[in-house]
Amino acid sequence: MNSYSVDSNRLVTVCGEASRRLGSIWDTIGLSLEERRKQLDDLAAQAETVYLARIKRAEDSRENLKQKILSVQQMIRQLNEILDIEHSAFPDSDLKLLARHEAIDKQLSNLQQTHAQRLAVMRELGDTMRSLWTELGISADWDIDDNTDLSMRHIKKLEEKARSLTDEKNKRERIAMPLQQEVRHLWTELKEADFESSILAGRPPLSLETIKFLEAKRDELNALRAECEERLKNYAFKITKLWERLRVSDDDRTAFFATNTGLGPTVFRACDMEVQRLEAMKKEN
């Protein structure tokens with residue numbers, strides 16, 4: 001015996017008991033058949049109203065459950081498309097609606113979990129690529145905010161792109177950092193004041209423009225260094241000749257060279273002043 005039969009029997013029992021009790025009461029009262037028929041008709045009408053209302057609620061519940069199942073099926077189809085996953089068969093249509101709804105909800109939950117995991121991977125890759133684009137000073141060439149394709153094929157392409165950008169970053173670091181050190185050394189040696197010193201602090205920017213700038217600056221400073229070295233040789237030759245003529249002591253010579261080192265403007269001013277001093281001494285002698 002199913003639940004419907006049990007519930008129906010109970011209703012029949014309740015109605016039968018109520019009818020007997022009413023009949024007994026009406027017998028005691030001495031109610032006429034016509035009046036009894038009238039009250040029973042009224043009771044039947046009320047009962048029908050209750051039954052119809054309950055039927056309407058059951059029908060609405062059934063239709064709502066069907067719509068939920070259809071809605072979940074549509075969400076599953078959309079997620080399968082976004083995730084590029086082969087569609088799994090929906091639960092057997094022979095199942096009762098509640099059982100079908102429970103089964104299809106499990107399908108949806110599994111897909112939503114996969115969606116969340118892949119979305120997290122995509123966002124992490126997106127953050128990595130944004131950072132690399134900024135470091136390398138290049139424009140974004142991929143729409144990393146498009147979440148309509150979360151297939152593993154698409155994710156692998158993004159991973160390859162991120163690896164390519166990382167390789168480019170490492171390559172530029174191997175070029176830019178030694179360049180920065182070389183330029184810093186030359187700049188310090190020559191005491192050049194007309195240079196953007198911030199580019200020498202910390203890690204250098206990795207844009208191609210920065211690398212080209214550092215290369216150009218290195219070449220420029222190397223050329224300037226060569227000029228300064230030649231100029232300093234000329235000063236050294238002239239000063240040494242005057243020292244020998246004027247018999248300047250070795251201690252004074254050593255002190256001069258110890259005080260004036262490098263290839264900056266200060267050294268050349270000191271050499272120029274030393275030449276002038278020695279020339280004046282030569283004239284006096």
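This passage describes the nonpolar core, a long helix, a surface patch, salt bridges and two backbone features of a predicted model.

The interior is considered first. The largest nonpolar core of the model comprises 44 residues. Within this core, the residues with the most contacts are Met129, Ile239 and Leu278. Two or more residues each are contributed by α2 (33–83), α3 (97–136), α4 (152–190), α5 (208–246) and α7 (265–284). Helix α3 supplies the largest share, which amounts to ten residues. The surroundings of Met129 illustrate the packing: residues up to four places away in sequence being set aside, Met129 touches Trp142, Ile144, Leu158, Lys161, Ala162 and Leu165.

Helix α5 was examined along its length and on its buried side. It consists of 39 residues, and the distance from its first C-alpha to its last is 56 Å. This span is close to the 57 Å expected at 1.5 Å a residue. The buried residues of α5 begin with Thr210, Ile211, Leu214, Lys217 and Leu221, and continue with Cys228, Tyr235, Ile239, Leu242, Trp243 and Leu246. The list thus includes Ile239, which is also among the residues with the most contacts inside the core. The partners against which the buried residues of α5 pack are α4, α6 (250–259) and α7.

The backbone just after α5 has a feature of its own. There, Arg247 adopts a positive phi of about 55°. Arg247 belongs to the loop between α5 and α6. Its relative accessibility is 76%, and Arg247 therefore counts as exposed, the cut-off for this class being over 50%. A second residue of this kind is Asp84, whose phi is near 55°, a positive value in a residue other than glycine. Asp84 is placed in the loop between α2 and α3. With a relative accessible area of 46%, Asp84 is classed as partly exposed, because this value falls between the limits of 20% and 50%. These two values deserve mention because most residues other than glycine have a negative phi.

Nonpolar side chains also appear on the surface. Leu11, Tyr51, Leu52 and Ile55 form a nonpolar patch there, and together they present about 370 Å² of accessible area. Helix α2 provides the largest share of the patch, namely three residues. Ile55 is located in helix α2. The relative accessibility of Ile55 is 42%, so this residue counts as partly exposed.

Charged side chains were then surveyed. Across the whole structure, 16 salt bridges were found. One of these salt bridges joins Glu34 to Arg37, with 3.1 Å between the closest N and O atoms. Both residues lie in helix α2, and their separation of three residues corresponds to about one turn of the helix. The two partners fall into separate classes of accessibility. Glu34 has a relative accessibility of 55% and so counts as exposed, whereas Arg37, at 46%, is partly exposed.

A comparable arrangement occurs in helix α7, where the side chains of Lys282 and Glu279 meet in a salt bridge with an N to O distance of 3.3 Å. Lys282 and Glu279 are likewise three residues apart in α7, about one turn of the helix. Both side chains belong to partly exposed residues: the relative accessible area is 28% for Lys282 and 27% for Glu279. In addition, Arg62, Glu63 and Lys66 are joined into one network by salt bridges that share partners.

Another salt bridge connects the side chains of Glu135 and Lys169, at 3.4 Å from N to O. This pair links distant parts of the chain, since Glu135 lies in helix α3 and Lys169 in helix α4, 34 residues apart. Glu135 is partly exposed, its relative accessible area being 24%.

Helix α4 also contains Glu168. At 25% relative accessibility, Glu168 counts as partly exposed, because the buried class requires a value under 20%. Glu168 and His154 are separated by 14 residues in sequence, and the distance between their C-alpha atoms is 21 Å.

How values were computed. Residues are numbered from 1 along each chain as its sequence is written. This is a predicted model: local features need pLDDT of at least 70, side-chain atom pairs count only at pLDDT 80 or more; totals for chains, interfaces and linings use all residues. Side-chain values use heavy atoms; hydrogens and water are left out. A nonpolar core is a set of buried Ala, Val, Leu, Ile, Met, Phe, Trp, Tyr and Cys residues joined through side-chain atoms within 4.5 Å. Buried means under 20% relative accessible area, exposed over 50%, partly exposed in between (1.4 Å probe, protein chains only). Helices (H or I, at least four residues) and strands (E, at least two) are DSSP runs, numbered from the N terminus. Contact means heavy atoms within 4.5 Å. Patches are made of residues with over 30% relative accessible area and no salt bridge: like charges are joined within 9 Å, nonpolar side chains (Val, Leu, Ile, Met, Phe, Trp, Tyr) within 5 Å. Accessible areas come from the Shrake-Rupley method with a 1.4 Å probe; for residues, only the protein chains shown count as cover. A salt bridge is a side-chain nitrogen of Lys or Arg within 4 Å of a carboxyl oxygen of Asp or Glu. The expected span of a helix is 1.5 Å times one less than its number of residues.
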